[in-house]
Amino acid sequence: SVVAIFVADDDGEVDEAALRQQLATKLSSYKVPRRILRLSQAELPVMSSGKIDMRKLAELVRKRGAQR
């Protein structure tokens, strides 16, 4: 399933239903994320090159899914 991941600068609330609805107007239905995961900048796994570490990010998504 598709998971949306975003990093926010503040601690404001995000209306996941409204976000999915907005995405549904732009994306095909199978591309609309089932889960939306918010990370802090510190939680974002980054390699020494500055690129996102996709393996660690996938692991983080799995761990967060187990906590839900």
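Arg64 counts as buried, at 18% relative accessibility, where buried means under 20% relative accessible area, exposed over 50% and partly exposed in between, with a 1.4 Å probe and protein chains only. Before I go on, please keep in mind that this is a predicted model, in which local features need pLDDT of at least 70, side-chain atom pairs count only at pLDDT 80 or more, and totals for chains, interfaces and linings use all residues. Residues are numbered from 1 along each chain as its sequence is written, and side-chain values use heavy atoms, with hydrogens and water left out.

Staying with Arg64, its side chain meets that of Glu43 in a salt bridge, at 2.3 Å from N to O, the term standing for a side-chain nitrogen of Lys or Arg within 4 Å of a carboxyl oxygen of Asp or Glu. The pair links distant parts of the chain, since Glu43 lies in the loop between β2 and α2 and Arg64 in helix α2, 21 residues apart; helices (H or I, at least four residues) and strands (E, at least two) are DSSP runs, numbered from the N terminus. Glu43, for its part, is partly exposed at 34% relative accessibility.

How many salt bridges does a search of the whole structure find? It finds three, and another of them joins Arg20 to Glu16, with the closest N and O atoms 3.3 Å apart. These two residues are four apart in helix α1, so about one helical turn separates them. Glu59 and Lys63 also form a salt bridge, at 3.4 Å between the closest N and O atoms, and because they are four residues apart in helix α2, they too are separated by about one helical turn.

Turning to the nonpolar side, the largest nonpolar core consists of five residues, Leu37, Leu39, Leu44, Leu57 and Val61, such a core being a set of buried Ala, Val, Leu, Ile, Met, Phe, Trp, Tyr and Cys residues joined through side-chain atoms within 4.5 Å. The elements giving two or more residues to this core are β2 and α2, the latter covering 54–67. Leu39 also brings us back to our starting residue, for its contacts (heavy atoms within 4.5 Å), leaving aside neighbours within four places in sequence, include Arg64 as well as Leu44 and Leu57.

Finally, the chain as a whole: two helices and two strands follow the pattern β-α-β-α along the sequence. Buried residues make up 18% of its 68 residues, and of the contacts with a separation of 6 or more, 63% are between residues 24 or more positions apart.
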